[in-house]
Amino acid sequence: MSNYPLPLERLIGYFSRFPGVGKRSAERMALSALSWTSEELSDFGDVLSSLREAVKACAVCGNICEGDLCPVCLDCGRNRELVCVVEHASQIIQFERSGSYHGLYHVLGGKLSPLSGKGPDDLRLAELRDRLESGGIRELILATSPDVEGEATAHFLAREFSSYSVKITRIASGVPIGSDLSYADSATLAIALEGRRGLEQ
Ligand SMILES: [Zn+2]
């Protein structure tokens with residue numbers, strides 16, 4: 001049974017779609033929005049409606065950014081011989097916060113997952129192949145999650161790119177086994193990067 005007016009009920013519905021936000025929190029957020037000024041609400045609406053247009057994927061690495069290329073790819077100070085392969089752009093933010101990595105990235109857009117029907121064609125592999133073929137990359141660091149699907153994806157990638165003259169390494173499991181890398185803290189990621197090892201192909 002709904003006790004809220006429909007517009008508020010709809011807002012609660014949207015807020016409760018955010019990760020970690022339960023029904024009660026969504027209600028508190030929606031009720032709090034009622035106290036905002038019209039300008040604030042209008043600006044909030046503008047931010048949401050322009051979000052897809054304003055935030056894009058970097059044409060090179062797939063990171064989220066405002067223009068065509070992300071700040072990492074544009075930064076001349078980065079080590080362009082190193083490419084850290086991650087599942088999602090959110091993981092780049094974690095690596096950047098760790099301050100321990102100065103190479104480039106490549107976002108796969110997920111991991112191989114037979115159960116949810118995600119195969120090699122659903123990952124950004126062609127883009128990675130293009131980058132390898134254009135030369136200059138000496139090491140691919142596979143930083144997929146240390147769960148079963150993440151490990152399977154890492155081994156698949158190692159085989160897939162074994163014909164290129166590039167060193168392929170896997171981050172160490174300083175990250176708890178079975179965990180999702182999106183939630184690993186920066187210190188853990190720094191240790192995982194430092195302890196990376198070669199992957200038999
Ligand atoms: Zn980029």
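What percentage of the 201 residues in the chain is made up of buried residues? Buried residues account for 41% of the 201 residues, where buried means under 20% relative accessible area, exposed means over 50%, and partly exposed lies in between (1.4 Å probe, protein chains only). The structure is a predicted model, in which local features need pLDDT of at least 70 and side-chain atom pairs count only at pLDDT 80 or more, while totals for chains, interfaces and linings use all residues. Residues are numbered from 1 along each chain as its sequence is written, and side-chain values use heavy atoms, with hydrogens and water left out.

The chain contains nine helices and seven strands; helices (H or I, at least four residues) and strands (E, at least two) are DSSP runs, numbered from the N terminus. The C-alpha trace spans about 60 × 35 × 35 Å along its principal axes. Two domains are distinguished, domain 1 (6–54) and domain 2 (60–198), with bounds that come from an automatic or database domain assignment. The C-alpha centres of domain 1 and domain 2 are 33 Å apart. Of the contacts in the chain between residues at least 6 apart in sequence, 56% join residues at least 24 apart, a contact being defined by heavy atoms within 4.5 Å.

Helix 3 (residues 38–49) includes Asp46, and Phe44 is also placed in helix 3. Asp46 counts as partly exposed because its relative accessibility is 45%. Phe44 is likewise partly exposed, with a relative accessible area of 29%. When residues up to four places away in sequence are not counted, Phe44 touches Phe15 and Trp36. Two C-alpha separations relate helix 3 residues to distant parts of the sequence: Asp46 and Ala126, which are 80 residues apart along the chain, are separated by 35 Å, and Phe44 and Ile171, which are 127 residues apart in sequence, are 39 Å apart.

A zinc ion has as its protein donors the SG atoms of Cys58, Cys61, Cys70 and Cys73, which lie 2.3 Å from it. Donors are N, O and S atoms within 2.8 Å of the metal (3.2 Å for Na, K and Ca); water is not among the atoms, so sites may look incomplete. The spacing of the donor residues in sequence is C-x2-C-x8-C-x2-C. The angles among the four donor atoms are 102 to 116°, and the site is tetrahedral, a term applied to four donors if all angles lie between 85 and 135 degrees. Among the donor residues, Cys61 and Cys70 are buried.

An open sheet is formed by five strands in the order 4-3-5-6-7, with mixed pairing; two strands pair if DSSP finds at least two bridges between them. The edge strands, strand 4 (103–107) and strand 7 (197–198), each pair on one side only. Strands of a sheet pair through backbone hydrogen bonds, either parallel or antiparallel. Strand 3 (residues 79–86) runs parallel to strand 4 and is joined to it by five bridges. Within this pair, Asn79 stands opposite Gly103 and Val83 stands opposite Leu104. Strand 4 is largely enclosed by the rest of the structure, because five of its five residues are buried.

Strand 3 is also joined to strand 5 (139–142) by four bridges, and these two strands run parallel. Leu82 has Glu139 as its bridge partner in strand 5. Strand 5 is in turn joined to strand 6 (residues 167–170) by four bridges, again in a parallel arrangement, and the bridge partner of Glu139 in strand 6 is Lys167. Both faces of strand 5 are covered, with Glu139 and Ile141 buried on one side and Leu140 and Leu142 buried on the other.

Two helices lie across strands of this sheet. Helix 6 (residues 89–98) lies across strand 3 and strand 4 and runs at about 160° to strand 4. Helix 7 (residues 125–133) lies across strand 3, strand 4 and strand 5, at about 150° to strand 4. For these angles, axes are lines fitted to C-alpha atoms, for helices over the stretch in contact, and angles run from 0 to 180 degrees between N-to-C directions. In helix 6 the buried residues are Ala89, Gln91, Ile92, Gln94, Phe95 and Ser98. Helix 6 is followed by Gly99, which has a positive phi near 65°.

Technical notes: Four donors count as tetrahedral if all angles lie between 85 and 135 degrees; four count as square planar and six as octahedral if opposite donors are over 155 degrees apart and all others between 65 and 115; anything else is irregular.
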